[in-house]
Amino acid sequence: MIRKYPFLVMAILLTAALLLSIGLGAVRIPVGEIVRIISGQLFNPAHNAAAGNAMDVILLSVRLPHTILVMLTGAALASSGAAYQGLFRNPLSDPYLIGVASGAGLGAVAMMSLHGMHSLLGYYLIPLGAFAGAILTVVLVYQLAHVNEMVPLTTLILAGVAFGSFASALTSFLMLRDDGAVYRAIAFLMGGSPIAGWQPVLAVLPFMLIGMGSLSLSGHILNVLQFGEEEARQMGLDVDKAKILVIIAASMTTAVAVAFSGVIGYIGLIVPHIIRLVWGPDYKRLIPLAILGGAVTLLLSDVLARVLIAPSTIPVGIVTALAGTPFFLYILRRAKREVFW
Amino acid sequence: MMLTISDLNVTYGKKTAIRDISLEIKEGEIMALVGPNGAGKTSLIRAVSGTVRPASGTIMISGQRIEQLSAGQRARLMAVVPQARQLGGAYTVHQAVMMGRTAYMGWLGLESERDQEAVVRALEGSTLTHLAQNHIANLSGGEQQRVLLARALAQETPVLLLDEPTNHLDLRHQVEFLKLLKQLVRVKKIAVMMAMHDLNLVAGIADRVALLVDGCIAAQGKPIEVLDEETLRTAYQVSVKTYTDTESGQRVILPRME
């Protein structure tokens, strides 16, 4: 049943995770209320806006945008993780481990300290900075790590970690210069969403749709690349173009996620891994499933982050790191045996 | 001529791997490349398959110069069966063979009816139909090599290149693979260029043999002409004895150990 209907399973999980995320918090909103308020908004917006009831306001202007941002972020991290894994033919490629997330973080913080976040233009500059940081990192790490056309696990992780800490150090430096922003930036680097409301959702949406849309369509390319670049070329794939397409799409997706939700580790590693175990390595299915699975996983982590020590919240990056590290070490043990997916 | 190579030179930096090689292969013909390690067999295969760019010379397939073609166009004229190796991963045989249709399917990998039919034919041709839904990681070495053959057949090309396809296979799987290949080549009129080490297998399967030494063709012709004691001694620097099997007329090569 579970193996046969992957998308049905994911849809059920996502619905449950969305309801939990919208419903739980300092004020609990029951499922019936959620359905009433949202359907009211959808079908009769004029009437509801006038009502101005407290629960409506909490749901519509706090919970719902936060939930949607978390959902998009999880989807972005998991799908770009899956894409990097396919591209590098290495199951441990994750936006966080290979340094791309830190590079994107650097780009984002650089933009914040240059421009601030006072206008919608500022909002759009942050993802652009993050995107530039991400692309630069992925290209540098690949150049450092590749041995002929293979990217061995050890060099990839080493190059990623080295470049990641370099980028983090630069980020800290930028933050210390801009003293008003220290707290905000620290929270940002730990994966706490520092910005609330609908503005960030609107800012990430176009980038995410383009990025994840392209990744969803790259399944066949990634499948063919699993046989190695030489064989992929012999099968008729324009390998260089394919690699650039996937790198741009994955880095853009990672970058916007990082720009508004901070550096959140391991989602891009764990989610694709579990999906591969349950539903196989076919990237045509893996990427869309990773989008859904990433959304579910980060929504649940975020709910945990909000309820564990309520009324205060933990940055969600801490939750994913605490849960993700043991899992990462477990995969590291296994990965010695399986490099080709 | 299906495949025509003229005055081909391949260099890696200052080192010359292939020197002024010219070869022609007809449709339905198997040409074996033999020669000592480092003589340029793999370089020749890689140049023809478009993996390395030749320093000079031309490679034509049915009148088209292949270096001017895109990867997709080339993959519709020529398929490559790589060296036998352990294949991992949880792709099914059907999925792996379908990837051979990349040149026809486009970037999204949308499978048309023609693609489906080509895969069915390729699986039949490689006697893999009964294993189509198995994961390739669970197959034996011989079966995995037939998957790589089927993937190449699914490309439906007039030219097929094989780079030591039977390395690491046991005797039975070597013979089965080569018999299958010979039969397919005859039926589908494919022109085959195949690098191979085992001279006795070459004598059994090849229509013609090109012996490479130091990047040049030292001898070329029917197996019985090329694989003689004197030529092999010069090429490999070992002494061998050759016989002709009276029953099959096939050349037998016996290295002398003393």
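Here are some questions and answers about this predicted model. Residues count from 1 along each chain as its sequence is written, and chains are lettered from A in the order written. Because the model is predicted, local features need pLDDT of at least 70 and side-chain atom pairs pLDDT 80 or more, while totals for chains, interfaces and linings use all residues.

Reader: How is chain B divided?
Author: Good place to start! The bounds come from an automatic or database domain assignment. Chain B is divided into domain 1 (3-77 + 157-255) and domain 2 (87-156).

Reader: Which element gives the most to the side of domain 1 of chain B that touches domain 2 of chain B?
Author: In chain B, 13 residues of domain 1 are in contact with 13 residues of domain 2; contact means C-beta atoms, placed from the backbone, within 7 Å. On the domain 1 side, α2 (71-75) and α7 (171-188) of chain B give two or more residues. With five residues, the top contributor is α7(B).

Reader: Why does the largest nonpolar core lie between the domains of chain B?
Author: A nonpolar core is a set of buried Ala, Val, Leu, Ile, Met, Phe, Trp, Tyr and Cys residues joined through C-beta atoms within 7 Å, buried meaning 20 or more other C-beta atoms within 10 Å of a residue's own. The largest one has 171 residues. It lies there because residues come to this core from both domain 1 and domain 2 of chain B.

Reader: Which element of chain A gives the most to the side that touches chain B?
Author: Here 22 residues of chain A are in contact with 23 of chain B. Both α10 (219-225) and α11 (229-234) of chain A supply at least two residues. Giving five residues, the leader is α10(A).

Conventions: Buried ≥ 20, exposed ≤ 12 C-beta atoms within 10 Å, placed from the backbone. Contact = placed C-beta atoms within 7 Å. Helix = DSSP H or I, 4+ residues; strand = E, 2+ residues; numbered from the N terminus.
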